[in-house]
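I opened this structure to look up a few local features and one contact between chains. My entries follow in the order in which I made them.

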Protein chains: 2
Amino acid sequence: MKRVMLVVAYEGTEYMGWQVQPGRVTVEHVLNQALSGLLGEEIRVIGASRTDSGVHSLGNVAVFDTNARMPADKISYALNQRLPEDIVVQQSREVAGDFHPRKCKSTKTYEYRILNRRFPMPTFRRDTYFYYRPLDVAAMQEAASYLVGRHDFKSFCSIHTQARDTVREIYDCQVIADEGAVPEGRLVTIRVQGSGFLYHMVRIIAGTLIQVGLGEVEPARLKDILEARDREAAGPTAPACGLTMMGIAFEEKS
Amino acid sequence: MKRVMLVVAYEGTEYMGWQVQPGRVTVEHVLNQALSGLLGEEIRVIGASRTDSGVHSLGNVAVFDTNARMPADKISYALNQRLPEDIVVQQSREVAGDFHPRKCKSTKTYEYRILNRRFPMPTFRRDTYFYYRPLDVAAMQEAASYLVGRHDFKSFCSIHTQARDTVREIYDCQVIADEGAVPEGRLVTIRVQGSGFLYHMVRIIAGTLIQVGLGEVEPARLKDILEARDREAAGPTAPACGLTMMGIAFEEKS
């Protein structure tokens, strides 16, 4: 028996998120099916980030246990032959038998991308949120700085969460404007790194920073929104299509 | 009667290219249908760049004549309501009655994007060409410099061309590596600007520069390939999915 770690990239458009749900096509379900077929035993992966319906990933992480003799580092190549083109395993390797991707300390990076211009751009439509009203990126960046640190993020958490402890630490939060990505407009990226995120947290951060970018909320108000510990205090949940899980760095030896 | 110019963006994946062909779904056909429905008369657009099947655009240009009273600058908004989400008109405005987008002097910009890493990345698969062997970008850049200027590009033109004169001018050709676009790998962009391009010209340039990036062709060989005036001397035609028509700047007053 060995434990194998996978780094998994996917375009989330066609999936009802990561986590297995009866009667739904999810990334976890497709991985379980492909791995079980490949290895000839029933495989159930444990995912690090249970991304929502429509959210994308460049490097989510999953582990599973297997008795198969196939070397761990060869599994990625064989598995990709059995996966649809919108899910691609980037790496497979053996890890310690007690390595658990949700219990191990890690830094997760997410990006929320906003195409900010007058008209949508077809080649961007699947993995950016189109928003036509001009955004003040400097104000968004100031607001983002108040989120950095260890805070109770209850205001930035869906009321449908199962988490009791809503304290999390954000290590960095940058708002970057790329003026060269498209003609007459720009791509605004909210890049956030932290130890872990609550249900809908990055999308609520994005929705709140968009309100700041529109001048509807003063940047310094972010401090009050955090203190309120009330979902109603923050902005709306920005659409899933703009969100991408960029990758996870584990602190402990895996 | 007035002549209206459209700037048109599209993801080419689902289309058999720009130009109307019997029994095929093309961008030109979809535009003609939507415009005819909107304006209540039969409209036929004239396109600037007749992009191939699977090629994308951020800013192709088309013109058409209409007797409709709708102001030219309002047509974009109304037309987008009738277009599928993979075709979006970016601008509409009235131009001189004799303005012809293929006869007027212009600078066209194309980008050919290569995802150069070990595994494909799902969110990049529609508008980049995935190539796993590492490319020497400095060698590609040197090779690209030999293409700049006024040359006979017969070696870089499909044998199925209808063009008799194969002399064209390339104003600039840059090969740019973006190391931050993806983890463990990079996005290599060939950006080429010129007065006009022959059939398959940018894709043959890309296929040849990839051979240079692999070390199979010396950069200085590009001079010999140009002089040969023979399609067999150049590299293969790189796949359509990597190519995007970025935009067109007209020199004459439109």
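Entry 1, after the helix. I looked at A:Gly40, which comes just after α1(A) and takes a positive phi of about 70 degrees. I note that this is a predicted model.

Entry 2, the helix itself. I stepped back to helix α1 of chain A, which covers residues 27-39 and has 13 residues. I read its reach from first C-alpha to last as 18 Å, close to the 18 Å expected at 1.5 Å a residue.

Entry 3, cover. Is α1(A) mostly covered or mostly open? I found it mostly covered, with 10 of its 13 residues buried. I listed the buried residues, among them A:Val27, A:Val30, A:Leu31, A:Ala34, A:Leu35, A:Leu38 and A:Leu39. I also wrote down A:Glu28, A:Asn32 and A:Ser36, which are buried residues of α1(A) too.

Entry 4, packing. I asked what the buried residues of α1(A) pack against. In chain A I found the strands β1 (2-10), β3 (56-66) and β4 (87-95), along with helix α2 (72-80).

Entry 5, the contact between chains. I turned to where chain A meets chain B, and found that 29 residues from chain A and 29 residues from chain B take part. The two chains bury about 2,400 Å² between them, and 55% of that is on carbon and sulfur atoms.

Entry 6, charges and polar pairs. How many salt bridges lie between chain A and chain B? I have 6 salt bridges in my notes. I looked at one that joins the side chains of B:Glu11 and A:Arg125, at 2.9 Å from N to O. For polar contact between the two chains, I noted 12 residue pairs, with both residues at pLDDT 80 or more.

Entry 7, the chain A side. I checked which elements give two or more residues to the side of chain A that touches chain B, and they are β1, β3, α2 and β4 of chain A. The largest share, 5 residues, comes from β4(A). By class, I found 14 nonpolar, 6 polar and 9 charged residues on that side.

Entry 8, one residue in chain B. I picked B:Asn60, which sits in strand β3 (residues 56-66) of chain B. Why does B:Asn60 count as buried? Its relative accessibility is 0%, so B:Asn60 falls under the 20% cut-off for buried. Not counting residues up to four places away in sequence, I found that B:Asn60 touches B:Leu6, B:Val7, B:Val8, B:Tyr10, B:Trp18, B:Ala48, B:Ser49, B:Thr51, B:Met245 and B:Ile248.

Terms used. Residues are numbered from 1 along each chain as its sequence is written. Chains are lettered from A and ligands numbered from 1 in the order in which they are written. Side-chain values use heavy atoms; hydrogens and water are left out. Helices (H or I, at least four residues) and strands (E, at least two) are DSSP runs, numbered from the N terminus. Buried means under 20% relative accessible area, exposed over 50%, partly exposed in between (1.4 Å probe, protein chains only). Contact means heavy atoms within 4.5 Å. The expected span of a helix is 1.5 Å times one less than its number of residues. Buried area is the accessible area (1.4 Å probe) that two parts lose on being put together, summed over both. A salt bridge is a side-chain nitrogen of Lys or Arg within 4 Å of a carboxyl oxygen of Asp or Glu. A polar contact is a pair of N or O atoms within 3.5 Å; within protein, one must be able to donate a hydrogen and the other to accept it, and residues adjacent in sequence count only if both atoms are side-chain atoms. Ala, Val, Leu, Ile, Met, Phe, Trp, Tyr, Cys and Pro count as nonpolar, Asp, Glu, Lys and Arg as charged, and the others, Gly among them, as polar.
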